[in-house]
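Thanks for coming, everyone. Let me put the structure up, and then we'll walk through it.

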Amino acid sequence: MGKGDKALIDARLRHKELCELVEEYRYSYYVLDAPVVSDGQYDDYERELIQIENEYPELRTPDSPTQKVGGEYTTDFAAISHRSRMMSLDNVFSEEEFLDWVLRVEKGVGSCEFLCELKIDGLAINLTYENGKLISAATRGDGSNGEDVTANVRSIVGVPDRLVATGKIAVPEIVEVRGEIYFPNAEFDKLNAGLVAAGKPPFANPRNAAAGSLRQKDPRVTASRPLRMTVHGVGESAALGFGNQSDAYEILESWGLPISKHFKVLNKTEEVIKFIKFHGDNRHAVEHDIDGIVVKVNALNLQEQLGFTSRAPRWAIAYKYPPEEVNTKLLDIRVSVGRTGRATPFGHMAAVKVAGSVVEMATLHNQEEVERKGVLIGDTVVLRKAGDVIPEIVGPVVALRDGSEKKFVMPTRCPECGSPLGAQKEGDVDLRCPNSQSCPAQLRERIIYLASRAILDIENLGAQAAGALLADGVLINEAKLFALKEKDLLTSEFFTKKDKNGQIELTANANKMLASLEKAKAKQLWRFICALSMRHVGPIAAKSLAKEFRSIDAIEQAPLDVLSQVEGVGPVIAESVKDWFSIKWHREVISNWQKAGVTFQDEEVELGEQTLAGLTIVITGSLDGFTRESAAEAVTSRGAKSAATVSKNTDFVVIGVNAGSKASKAEELGRPILDLAGFIVLLEKGPEAASKVAR
């Protein structure tokens with residue numbers, strides 16, 4: 001094997017690892033509202049992924065995280081489609097990178113004005129107004145579909161229910177308004193104090209407070225929170241009659257929408273850099289958290305010329321500020337064990353306030369990371385945090401050591417069950433507890449995970465309740481969870497109280513938990529696949545498995561090679577699934593849940609006639625009568641694959657108005673091109689008829 005071959009193999013392995021990490025971290029951030037790594041660390045992983053794909057373009061596939069706006073995640077909120085896709089932003093992290101972006105812009109359109117605005121650390125939102133009336137509000141989601149949070153957004157002060165034109169520009173029949181919902185910093189401490197007083201967990205930071213407040217099932221709870229919104233753009237709309245982004249802001253404000261008072265239009269690059277530096281030095285002087293500056297080409301016709309990549313506009317960039325850093329004392333390094341047995345060292349530190357919140361713990365990932373960072377117990381360490389939930393230890397301040405510091409030694413046994421820790425497979429960095437069946441830590445974390453809002457959403461089954469179920473012997477593992485009855489919980493003090501006659505009865509929370517367990521039995525198959533905590537199987541793989549096989553029995557019986565071929569699964573996940581089913585007590589968990597009423601099966605979806613089965617079709621530009629999503633659905637429902645890029649394997653390229661570079665690529669490769677009329681022929685009469693009208 002040559003050096004080049006080995007380098008490619010190594011790149012493939014690292015690429016796969018990074019893809020899994022980025023998808024997992026996006027899910028934690030966007031769905032659970034509980035990031036598990038810092039913004040800085042996530043950015044590092046994403047930049048490394050982009051670097052690998054730049055060096056090995058064959059690894060840049062349409063399902064790579066670098067080609068997506070976000071993960072395709074589902075919660076219990078109804079899905080709602082955006083009329084035009086909500087794009088993400090590319091990031092730069094230094095003046096040099098920013099100047100490189102400016103050069104690319106100027107190469108494309110020449111010298112231009114820039115609109116500079118604060119990058120609010122909140123939750124992206126899309127408002128749709130029809131004839132001036134707010135008809136829907138949705139989170140970004142995967143860029144094409146988000147969560148319907150209309151009722152909650154209506155309760156936010158400053159978000160108009162109806163747009164009224166007070167200037168020269170009339171409100172169009174349809175307009176999508178994009179913005180950011182945030183939690184004012186001044187109100188954040190008050191909210192957390194109230195939550196703690198009520199015995200509820202506080203939010204980690206204002207961004208999580210905004211996301212958590214917006215996703216409340218009861219709009220009255222959202223209304224009680226001081227959420228605010230700032231508008232920063234427009235999605236689909238009829239012609240609005242303005243030429244610049246700044247004109248758009250003026251018009252949107254005249255209709256009653258909340259616009260930031262901090263943006264500026266600047267002509268010179270030096271002025272833009274000055275703006276970036278000023279707000280970097282004064283980032284806590286505004287009413288909300290910011291994590292950078294967004295710079296946009298101001299002229300809309302130039303924006304159109306520059307166009308988009310698969311996930312972001314070329315005419316805008318986010319200049320991300322470096323994470324904030326403080327020094328504190330590392331008092332100890334301890335080890336926690338997660339739901340899949342992974343033993344993770346974490347730092348216990350002297351409490352310190354950083355990025356607006358008090359921090360006492362920071363993850364250290366694994367024993368190799370501790371050694372790599374060179375930290376000792378007792379060190380003064382540099383702690384970095386940029387508004388995230390879990391901060392990171394950057395490294396020790398060696399000059400402050402006094403000789404009392406001690407080296408961390410990774411335990412050889414599980415801190416909770418005493419089982420020997422070890423690598424699950426040769427080459428694994430992480431050590432794991434093998435006692436998955438009865439390790440208290442793994443059991444507790446698995447129950448907490450399956451009960452979380454993003455998985456089965458079991459009310460009142462949090463960390464304390466899960467701990468009590470295990471500590472009091474109500475459960476010895478999760479197998480009997482869905483068979484729990486009132487008599488079982490009466491044996492635990494945590495779930496009981498005395499009535500006025502001194503008789504023991506269940507608390508209201510315990511009754512709600514039982515009712516929620518019963519309700520959860522009817523949830524979708526993919527959620528229960530996640531609830532089983534198979535290693536490597538997250539929501540994306542679970543949805544793919546559920547869609548392909550429709551039942552847990554079919555998944556168990558599927559051969560390894562068949563599992564591997566499922567889109568979004570692959571050989572590593574497939575092997576993990578087969579390994580999981582090979583363990584007897586795992587199968588007993590499924591059997592017990594089925595006996596308790598869990599179906600582990602989705603209803604069959606009736607497909608239309610598969611007239612386009614096996615075809616790969618690329619759709620680009622605007623098609624009259626179709627949104628991008630409905631056009632894609634029209635081909636996928638007939639059995640075709642809707643692809644994002646044109647290649648020699650593309651069967652048809654459908655070209656609408658403002659098609660962009662894909663049209664040129666189709667001509668270059670000689671692929672059949674269809675206009676709107678040809679697309680309708682393809683849908684109604686099939687590929688043979690479409691070939692006759694293609695050019």
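Which residue in S13 is the bridge partner of Arg 334? It is Phe 346. Keep that pair in view while we look around. One caution before we do: this is a predicted model.

Let's stay with those strands. Arg 334 belongs to strand S12, residues 324–337. Strand S12 and strand S13 run antiparallel, joined by 7 bridges. Together they make a hairpin, with 5 residues between the two strands. Look into the turn and find Gly 341. Its phi is positive, about 90°.

Now the other partner of S13. That is strand S14, residues 357–363. Again the strands run antiparallel, this time with 6 bridges. Here is a pair to find on screen: His 348 stands opposite Met 361 in S14.

So is strand S13 enclosed or open? Strand S13 covers residues 343–354, and 9 of its 12 residues are buried, so the rest of the structure largely encloses it.

Next, a sheet further along the chain. It has 4 strands, and it is open. The order is S20-S19-S21-S22, and the pairing is parallel. At the edges sit strand S20, 641–643, and strand S22, 673–674. Each of those pairs on one side only. In between, strand S19, residues 616–620, pairs with strand S21, residues 652–655, over 4 bridges. One link to pick out: Val 618 has Val 653 of S21 as its bridge partner.

Now a single residue, Gln 245. You'll find Gln 245 in helix H8, residues 245–254. Is Gln 245 buried or exposed? It is buried, because its relative accessible area is 8%, and the cut-off for buried is under 20%. What does its side chain meet? A polar atom of the Gln 245 side chain lies 3.4 Å from the backbone oxygen of His 232. Leaving out residues up to four places away in sequence, Gln 245 touches several others, including Leu 115, Gly 233, Lys 296 and Leu 300.

Finally, zoom out. The chain has 25 helices and 22 strands. Its radius of gyration is 27 Å, close to the 26 Å from the globule rule for 695 residues, so the chain is as compact as a globular protein of that length. The C-alpha atoms fill a box of roughly 70 × 70 × 60 Å along the principal axes. Of the 695 residues, 50% count as buried. The chain exposes about 33,100 Å², and carbon and sulfur atoms supply 50% of that.

That's the tour.

How values were computed:
Residues numbered from 1 in each chain as written. Predicted model: local features only at pLDDT ≥ 70, side-chain atom pairs only at ≥ 80, totals over all residues. Heavy atoms only, no water. Pairing = 2+ DSSP bridges. Buried < 20%, exposed > 50% of the residue type's maximum accessible area, 1.4 Å probe, protein only. Polar contact = N/O pair within 3.5 Å; in protein donor to acceptor, adjacent residues only side chain to side chain. Contact = heavy atoms within 4.5 Å. Rg over C-alpha atoms; globule rule 2.2 N^0.38 Å. Areas by Shrake-Rupley, 256 points an atom, 1.4 Å probe, with all protein chains shown as cover.
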